[in-house]
Amino acid sequence: MRASMAMRSVRSALRSGSSSSPSHFLRRCYCSESVPERKVTILGAAGGIGQPLSLLMKINPLVSNLALYDIAGTPGVAADVSHVNTISQVAGFMGEDQLGKALEGSDVVIIPAGVPRKPGMTRDDLFNINAGIVKSLCIAIAKYCPNALVNVISNPVNSTVPIAAEVFKKAGTFDEKKLFGVTTLDVVRAKTFYAAKAKVPVAEVNVPVVGGHAGITILPLFSQTTPKSNNLSDEDIQALTKRTQDGGTEVVEAKAGKGSATLSMAYAGAIFADACLKGLNGVPDVVECSYVQSSITELPFFSSKVRLGKNGVEEVLGLGPLSDYEKEGLEKLKPELTASIEKGIKFAAQS
Ligand SMILES: NC(=O)C1=CN([C@@H]2O[C@H](COP(=O)(O)OP(=O)(O)OC[C@H]3O[C@@H](n4cnc5c(N)ncnc54)[C@H](O)[C@@H]3O)[C@@H](O)[C@H]2O)C=CC1
Ligand SMILES: O=C([O-])CC(=O)C(=O)O
């Protein structure tokens, strides 16, 4: 009796677009309902994010094939993850000559490849190394799985997504509906910090986070939070905004030279990839924030809520009503975000 109730709730979670519920996400690993075959490839799978993300994708029942690629270390990660008794088949790929095989037939490619920050660095300080890594991986994506949805995690996301777009344009495969910068961790943080401050159940909290993914370009819209709390002052909202903007730095400093967020990022990346898979599978009303090609502001790339569907982005949703504080934050972020976008485009054009 209890088992059949559990299966019913698992099945309804599979159908529903509420991809952000952690309990649904974990319970679904016991589900055997038939869903389309889907291949997910992780590029950078042996890294700090890549390993836990590989595990989380292994327990996602929407995944039938999981390809784990890195320049080193993937045989061990793949062997380890492959012993988890869930339905997906796992294969490890190592080195550039195996990249094509890792990508072939992929529906969703997740890119956490690249170097992370150390204390004192900005995300933009990673540009010189990560821009080239993302570029070369995107050249391979254009060749081997041009129709895949691409989830870019590698920083600086504000620039690496425009780089990916330029690579795909050059290859003639660009589809703006299929390219995403993963900003889910900003949403995850905003929800966590807000729930703790407002003393509301964290699982019920929703906060859109718009703009980009670095410092002041991260703009949480706490005025649109649900459930609404009336016990927070303007100062509280400003402090929550700042903490969300500095969330990455908080982790970088706490790790004291041993990298940046990996576990919470793997969780966030798994939520976003799950939302992409649900959209591909035709689940209605799947909405997540993501950094995409956009016309909701004058900036060519912008993060906002997007509705995901069978072809990727179905609709880029508008910003909704903003408080005066958020309007000010929006204007302040535009010059930095514009410069990061231009830097990415210029790099792709020159290299
Ligand atoms: N979008 C977001 O919210 C977040 C983004 N990040 C970013 O994610 C990236 C990865 O972070 P970590 O996993 O902590 O770093 P890490 O150094 O632990 O792992 C990176 C992995 O990428 C691999 N790699 C390097 N070049 C590669 C290539 N050409 N092809 C395939 N794999 C390659 C490395 O071998 C390594 O295993 C960083 O750029 C970091 O800033 C981190 C946290 C949050
Ligand atoms: O802060 C970093 O370098 C990693 C990152 O993007 C985040 O944790 O949001």
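Around ligand 2, the shell residues split into five nonpolar, five polar and two charged. Here Ala, Val, Leu, Ile, Met, Phe, Trp, Tyr, Cys and Pro count as nonpolar, Asp, Glu, Lys and Arg as charged, and the others, Gly among them, as polar. Bear in mind that this is a predicted model, where local features need pLDDT of at least 70 and side-chain atom pairs count only at pLDDT 80 or more, while totals for chains, interfaces and linings use all residues. Residues are numbered from 1 along each chain as its sequence is written, and chains are lettered from A and ligands numbered from 1 in the order in which they are written.

**The two ligand shells**

A residue belongs to a shell if its C-beta atom, placed from the backbone, lies within 6 Å of the ligand. For ligand 2, that gives Pro-116, Arg-117, Arg-123, Asn-155, Leu-185, Gly-247, Gly-248, Thr-249, Val-251, Val-252, Ser-260 and Ala-261. Helix H10 (residues 247-255) makes the largest contribution to this shell, with five residues. Helices (H or I, at least four residues) and strands (E, at least two) are DSSP runs, numbered from the N terminus.

Ligand 1 has 32 residues around it, and those that come nearest are Gly-44, Gly-47, Gly-48, Ala-113 and Asn-155. Its shell divides into 18 nonpolar, twelve polar and two charged residues. The largest share there, three residues, comes from helix H6 (residues 127-144).

Both domains take part: at least three residues from each of domain 1 and domain 2 sit in the shell of ligand 1, and the shell of ligand 2 likewise draws at least three from each.

**How the domains meet**

The chain is divided into domain 1 (3-7 + 18-181) and domain 2 (184-349), with bounds that come from an automatic or database domain assignment. Their C-alpha centres lie 20 Å apart. The contact between them takes 49 residues from domain 1 and 48 residues from domain 2, where two residues are in contact if their C-beta atoms, placed from the backbone, lie within 7 Å. On the domain 1 side, elements supplying at least two residues each include helix H3 (50-58), H6 and helix H7 (157-171). H7 gives the largest share of that side, ten residues. By class, the domain 1 side has 28 nonpolar, ten polar and eleven charged residues.

**The core and its helices**

The largest nonpolar core runs to 100 residues, and Leu-68, Val-109, Ile-111, Val-150, Val-152 and Ala-164 have the most contacts inside it. Such a core is a set of buried Ala, Val, Leu, Ile, Met, Phe, Trp, Tyr and Cys residues joined through C-beta atoms within 7 Å. The top contributor is helix H11 (residues 263-280), with eleven residues, and the core also draws at least three residues from each of the two domains. In soluble globular proteins, nonpolar side chains tend to be buried together.

H11 has 18 residues and reaches 26 Å from its first C-alpha to its last, close to the 26 Å expected at 1.5 Å a residue; the expected span is 1.5 Å times one less than the number of residues. Since 15 of its 18 residues are buried, H11 is largely enclosed by the rest of the structure. Buried means that 20 or more other C-beta atoms lie within 10 Å of a residue's own, exposed means 12 or fewer, and partly exposed is in between, with C-beta atoms placed from the backbone. Just after H11, Gly-282 takes a positive phi of about 85°.

H3 is in a similar spot: seven of its nine residues are buried, so H3 is largely enclosed by the rest of the structure. Those buried residues pack against partners including H11, strand S1 (39-43) and helix H4 (74-82).

**Two residues up close**

Which element holds Val-134? Val-134 is found in helix H6. Thr-262, by contrast, has its place in the loop between H10 and H11.

| Residue | Other C-beta atoms within 10 Å | State |
|---|---|---|
| Val-134 | 30 | buried |
| Thr-262 | 20 | buried |

Leaving out residues up to four places away in sequence, Val-134 touches Ile-111, Gly-114, Val-152, Ser-154, Thr-160, Ile-163 and Ala-164. On that same basis, Ala-164 is in contact with Val-134, Cys-138, Val-150, Val-152 and Leu-179. Thr-262 contacts Gly-48, Ile-49 and Pro-52 beyond its neighbours within four places in sequence. Thr-262 and Gln-51 are 211 residues apart in sequence and 9.0 Å apart in space, C-alpha to C-alpha.
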